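Q: I would like a close look at one part of this protein, followed by how that part sits in the whole. Please keep to what can be read from the model.

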Amino acid sequence: MELKAQHKWRWLIAAYLCLVGLAGGAYVTGVVADFLGEDWARLSKIGVFLAFPCVAVGCVFLIADLGTPKNFWRAGMRPGTACIARGTIILTFFMILGAIHIGWWIWPFHALEEAVGARQIINVLGVVFALSAIIYTAVLLGSYRPMDLWNTALVPLLFLLSALSTGIMAVMLIALLGGAEYAGPIATLVRINIVLVVVEIFILGFSLQTIYHTPESRASAKLVITGTVAPLFWLGVAVLGLLIPLMFQLLAAFVLEGAVATTVVLVASICGLLGGLFLRQVVLSAGIQRPLRVGRFEFAVPMA
C-alpha cells in the first residue's frame with residue numbers, strides 16, 4: 001500500500017498549535033519576570049497580557065478548521081476519554097486565569113498591584129495551566145496512534161522548547177517595538193533564548209535520527225528531509241526559524257550594541273516566530289498514517 005501523508009490538518013491547525021504554545025511560553029516568561037523584581041515589571045506585564053488573546057485567536061483558527069463550527073461546544077465533553085476534551089478544559093482555565101491576571105493587575109483594575117501574595121498564587125496556578133497547554137498541543141497529536149511521527153516522546157519536548165522560545169521572542173518583540181532598549185532584562189532574555197534555540201536544534205536533529213523504526217516513520221523522515229515538505233523544513237524551520245535567530249542573537253549578545261543590537265533582535269524575533277509556525281506545519285504535513293494490517297491485507301485508517 002502506498003504511504004500518504006495526512007491532509008486534513010493544515011495551516012489553520014498549525015496556527016492554533018503555534019499560538020497556544022506561544023501563549024504558554026509568553027505567560028511563563030511573564031510570571032518568571034514578575035518574581036525577578038521591578039526592573040522586569042514591563043516584560044512581566046507583556047508576557048502575561050499576551051496569553052489570553054493568543055489562545056483566543058488560536059481557538060478561532062481551530063473553530064474555523066472544523067467542518068461544523070457550531071458543534072464546537074462539544075469539544076469539552078467526555079474529558080475522561082477524549083484528549084481534545086481535556087485540552088479544552090485546560091485552555092478554558094488558562095484563559096480564565098489569564099483574564100483575571102490582566103483585568104486585576106494590568107487593565108482596567110490594579111488590585112493585584114499591591115496584593116503581591118494573591119498575584120503570586122495566580123502566577124503559580126497560571127504557570128501550571130500554561131505548561132499543561134503547551135504539552136497538550138503535542139499530546140493531542142500523539143493521541144492519534146496511527147501517526148508514528150506524532151506518537152513519540154520527543155515531540156512534546158520539541159514543542160515545549162519551541163513554545164518557550166517563541167514566547168520569549170514575542171515578549172521581546174513587543175517590548176522593543178514599544179520603545180524598550182536592548183539592555184538589562186531583554187539582554188538576559190536573549191541569552192536564555194540562545195540556549196533554548198541550541199537545545200531545540202539538537203532535539204530536532206536527534207528526532208529525525210531516531211524515527212526510523214517503522215516504514216511510516218521512515219517515510220515521514222524522507223518527506224521532511226528530501227521530500228515535498230523539505231523546502232518548508234530547511235528554509236522555514238532550519239534557516240529562518242532557528243539559524244538566523246541563533247546567529248543574530250549571538251551577535252546582539254556578544255558583538256553589537258545600542259540601536260543596531262535592538263534591530264538585530266527584532267529581526268531575530270520575527271524570524272523565530274515564523275519558524276515556530278513552520279515547525280508545526282512541518283510536523284503536521286509529514287504525518288503518515290499507519291495502515292491497519294490484517295494478515296496479508298492493509299487498510300487505511302481515516303483520521304477522526
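Leaving aside its neighbours within four places in sequence, which residues is threonine 166 in contact with?

A: This is a predicted model. Threonine 166 is in contact with Leu22, Gly272, Leu273 and Gly276, once its neighbours within four places in sequence are set aside. Threonine 166 itself lies in helix α6, which covers residues 154-177. Gly272, Leu273 and Gly276 fall in the range of α10 (258-285). Threonine 166 has a relative accessible area of 2%; because the cut-off for buried is under 20%, this residue counts as buried.

Two of these contact partners also appear beside a cavity. Gly272 and Gly276 are among the residues nearest the centre of the second largest cavity, together with Glu200, Gly241 and Leu242. That cavity holds about 70 Å³ of space and is lined by 13 residues. Helices α6, α7, α9 (230-254) and α10 each give at least two residues to its lining. By class, five of the lining residues are nonpolar, seven are polar and one is charged. Glycine is placed in the polar class here, so Gly241, Gly272 and Gly276 are counted as polar in that lining.

The structure holds two cavities of 30 Å³ or more. The largest cavity contains about 190 Å³ of space. Of the 14 residues that line the largest cavity, Leu149, Leu158, Leu204, Leu208 and Val283 are the closest to its centre. Helices α6, α7 (185-209) and α10 each supply at least two residues of this lining. The class make-up of the largest cavity is twelve nonpolar residues, two polar and no charged ones. Helix α6, where threonine 166 lies, thus contributes at least two residues to the lining of the largest cavity and at least two to that of the second largest.

Cysteine 271 precedes Gly272, one of the contact partners of threonine 166, in the numbering. Cysteine 271 is buried, with a relative accessible area of 11%. Cysteine 18 is buried as well, at a relative accessible area of 7%. The protein has zero disulfides when sulfur atoms must lie within 2.5 Å. Cysteine 18 is in no disulfide, and the nearest cysteine sulfur, that of cysteine 54, is 8.9 Å away. Because the cut-off is within 2.5 Å, a separation of 8.9 Å does not qualify.

For a comparison with threonine 166, take alanine 99. Alanine 99 lies in helix α3, residues 83-106, and is partly exposed, with a relative accessible area of 34%. The C-alpha of alanine 99 is 6.4 Å from that of phenylalanine 52, although these two residues are 47 apart in sequence.

As for the whole, the protein has ten helices and two strands. From the N terminus on, the helices come before the strands. Of its 304 residues, 50% count as buried, threonine 166 being one of the buried residues. Among contacts with a separation of 6 or more, 76% join residues 24 or more positions apart. The protein exposes about 14,300 Å², and carbon and sulfur atoms supply 72% of that area.

Conventions:
This is a predicted model: local features need pLDDT of at least 70, side-chain atom pairs count only at pLDDT 80 or more; totals for chains, interfaces and linings use all residues. Side-chain values use heavy atoms; hydrogens and water are left out. On a 1 Å grid over the protein atoms alone, a cavity is a set of points where a 1.4 Å probe fits but cannot get out, and a pocket is an open set with protein on both sides within 12 Å along at least five of seven lines; lining residues have an atom within 4 Å of a point. Grid points are joined across faces, edges and corners, and a volume is the space filled by probe spheres set on the points. Helices (H or I, at least four residues) and strands (E, at least two) are DSSP runs, numbered from the N terminus. Buried means under 20% relative accessible area, exposed over 50%, partly exposed in between (1.4 Å probe, protein chains only). Contact means heavy atoms within 4.5 Å. Accessible areas come from the Shrake-Rupley method with a 1.4 Å probe; for residues, only the protein chains shown count as cover.
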